[in-house]
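Hi,

Here is the model we talked about, handed over for you to load up. My notes on what I found in it come right after.

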Amino acid sequence: MVNENKSKKILLLYGLIGLGFLVFLGVMLLTSLKSRHLPSLYTHKSSKSERGSIISADGFHIATTKKLYKAVVNNYYIDPQKEELFIELFSIYSGIDAKEVKKRLHKRKGVVVLSYLVPEKQAQYLKKLAYELRRYKVFIEIKNERTGLRAMHGLSIIESGETRLYPYGDVLTPIIGYAHKQEDDGYTRIKGIKGLEKRFDIELSSRQDGSSRGKRDVNSYIILNKDSFTKPNLNGMDIKLTIPIALQIKIERMCSLMKKELRAKQVMLAVMNSQTGKVLAMASSNRFLPKAIKKSDYPSLNSGMIEYSFEPGSVIKPITFALLLDKKKINPYDLVNGHNGKYKIGKKVITDEHKFAWLSAEDVIVHSSNVGIAQLAQKLNGQEFHEGLKSFGFTEKSTPDLIYEKSGSVPSINRLNKKIYKATSSYGYSMRVNLMQLMRAYSAFNNNGRMIKPQLVESFIDEFGAVTKLENEEAIQIIQSATAAKMKKILVKTVTKGTGTKTITKGLTVGGKTGTAHIVEKGKYVRKYNTAFMGFVNDKYINLTMGAIVVQPKKSQFASQTAVPTFKKAIDILVEDGYLKPDIVE
């Protein structure tokens, strides 16, 4: 009986041991089959690339990009006893008022964004704050009822996008243009809308976001070895301009003052190297703040230098005259009947401001005689005149560096076979041009008959500092060098003895031509005018093509009293800043 009880006890003991072993096996099996939340041995990090900058010739960043971050927190995980501490510290580090922080924190339960516009430098400070808040146990662990795991979420500083900055306000507007925000999978990117921002949007745009992947160490840093993978950040290219900002600012200020003085709608002025085409200044009185565009700014968003197309008036006379000279239809000393200031073609009477009985062909330009040039132009047939105007670049875009340019128009061959159209076109009516087209055309007179395209962009620069220089298109020989020399002499005489005397600057060679033209409104010419002075300024070292346009000045309708003084003020600025060095012998 005793042995039987002993056997039962031993059997029960083995049974319990067996049962325990089966339970152990079951638990182990369940553990092996159940998904476990183990920390990964690998980690992945990414970074966003940035849009490139637009840089002036003298190295100033006119348009640049700044990264933005957002500060995010889940208010469930903030210890209620330490909430005030969190609010106070976040307020100090972010610069946001503590009351506003509290308001945002309690906007809703769960994840809240405390700030969307955290600058990069401030983001670094807030990341340090996030670490300190964890250290001071401001955040608490909460058990997930579904998984049974405990978790803690602190303050997160997340890269959210980029913003475009224009540190010098309205400088170089509207040429530089402006940009808008564009969402890219939750990240805010910048896209060019107008001006250089639009024209070079592809080159400026970020090329490749960076990323790294590999095994991590205990601090979650990637271990860089043969098994890790890194894709570098490739930012957008920087664009370096030919325009120095210091000169641009002075010319812009002068244009703004002249607009006020002349009571004009707009004043524009451009300066370009006649031989290389590099633009030194391209200024308008009508500018805007790219980051704060108002409804009243809308007309200024378009670049008048290329988008304002107008009848140029008498600044076309030298073009007509050059075509006649080049085809040997006239010589500068031919006599022309001035008809005492009145000349009738069909039903139209052409008049002159200054009356002449007779004058030399070159004095037709010097004294800006409509009667004289209208007669001389009859020596060209329609095809010669039409193709001649087109050879000077009219009806085609002046530069590849700008966008939305209005190419203008010239009369057809058929129209130019008619005496009246030949006459009116010879002094700048019946056609439309813009300032930069005139700049390009006039460069031929100061460059041995070779016409050069205006160039605004000097080079592209990548994030490694590699520079890709942009070569301008080769100048085109449109008139013979002998013709250009004669025209240059006539334009200098126009300044010394004709309508441009107010531009005379001692020690410099100045030449040019005035122009005044009526404005058309609702199909009729009205008593409103545009005035212009196109020409050149040279010293021993550099040849510059320059042009000034004054849109609807109320003070005077004459170019000699509006565009000419504007041109002269620009010369004085160029001398003052050392771009021109007068050769003055005491």
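Let's start with Lys127, which has its place in helix α4. Bear in mind throughout that this is a predicted model. Is Lys127 buried, exposed or partly exposed? Its relative accessibility is 37%, and because the partly exposed class covers what lies between 20% and 50%, Lys127 counts as partly exposed. Setting aside residues up to four places away in sequence, Lys127 touches Tyr69 and Ile157. If you want a sense of how far things reach from there, take Gly382: Lys127 and Gly382 are 255 residues apart in sequence, and their C-alpha atoms are 74 Å apart in space.

Staying with α4, have a look at its packing with another helix. Helix α2 (residues 83-94) packs on helix α4 (residues 120-135) with the axes 9 Å apart and an angle of about 160 degrees. The two are therefore roughly antiparallel to each other, and α2 passes α4 in a right-handed crossing. On the α2 side, the contact is made by Phe86, Leu89, Phe90, Tyr93 and Ser94, and on the α4 side by Gln122, Tyr125, Leu126, Leu129 and Leu133. Sorted by class, this contact has eight nonpolar residues, two polar ones and no charged ones.

Next up is helix α9, which I looked at against two other helices.

With α12: the axes of α9 (residues 317-326) and α12 (residues 382-391) come within 10 Å and cross at roughly 120 degrees. That angle is why α9 and α12 are oblique to each other. The crossing of α9 past α12 is right-handed. Ile319, Thr320 and Leu323 from α9 make the contact with Phe385, Gly388 and Leu389 from α12. The residues of this contact divide into four nonpolar, two polar and no charged.

With α16: here the axes of α9 and α16 (residues 481-497) come within 10 Å and cross at roughly 140 degrees. That makes α9 oblique to α16, and α9 passes α16 in a right-handed crossing. The α9 residues in the contact are Pro318, Phe321, Ala322, Leu325 and Asp326, and they meet Thr483, Lys486, Met487, Ile490 and Leu491 of α16. In this contact of α9 with α16, seven residues are nonpolar, one is polar and two are charged.

Following the chain on from α16, you get to Thr503, in the loop between α16 and β23. How accessible is Thr503? Its relative accessible area is 0%, so Thr503 is buried. Apart from neighbours within four places in sequence, Thr503 is in contact with Val495, Val510, Phe533, Val564, Phe567, Lys568 and Ile571. Thr503 and Ala570 are 67 residues apart in sequence but 9.8 Å apart in space, C-alpha to C-alpha.

That loop leads into the sheet. It is an open sheet of five strands in the order β14-β13-β25-β24-β23, with antiparallel pairing. Which strands stand at the edges? They are β14 (279-284) and β23 (509-521), each with a single partner strand, so one side of each is left without a neighbour in the sheet. On average, neighbouring strands of this sheet are turned by 10 degrees against each other, direction ignored.

Within the sheet, β23 and β24 (residues 524-538) run antiparallel and are joined by 13 bridges. One residue pair to click on: Gly515 has Ala532 in β24 as its bridge partner. Then there is helix α17 (residues 563-576), which lies across β13 (266-273), β23, β24 and β25 (543-551), and runs at about 140 degrees to β25.

Last one, a hairpin. Strands β16 (residues 342-345) and β17 (residues 348-351) run antiparallel, with four bridges joining them. Tyr343 stands opposite Ile350 in β17. The hairpin of β16 and β17 has two residues between the strands, and Gly346 takes a positive phi near 60 degrees there.

That's what I have for now. Shout if anything looks odd on your side.

Cheers

Methods: Residues numbered from 1 in each chain as written. Predicted model: local features only at pLDDT ≥ 70, side-chain atom pairs only at ≥ 80, totals over all residues. Heavy atoms only, no water. Axes fitted to C-alpha atoms, helices over the stretch in contact; angles between N-to-C directions. Parallel < 35°, antiparallel > 145°, perpendicular 65-115°, else oblique. Left-handed = near helix turned anticlockwise from the far one by under 90°. Contact = heavy atoms within 4.5 Å. Nonpolar A, V, L, I, M, F, W, Y, C, P; charged D, E, K, R; others polar. Pairing = 2+ DSSP bridges. Buried < 20%, exposed > 50% of the residue type's maximum accessible area, 1.4 Å probe, protein only.
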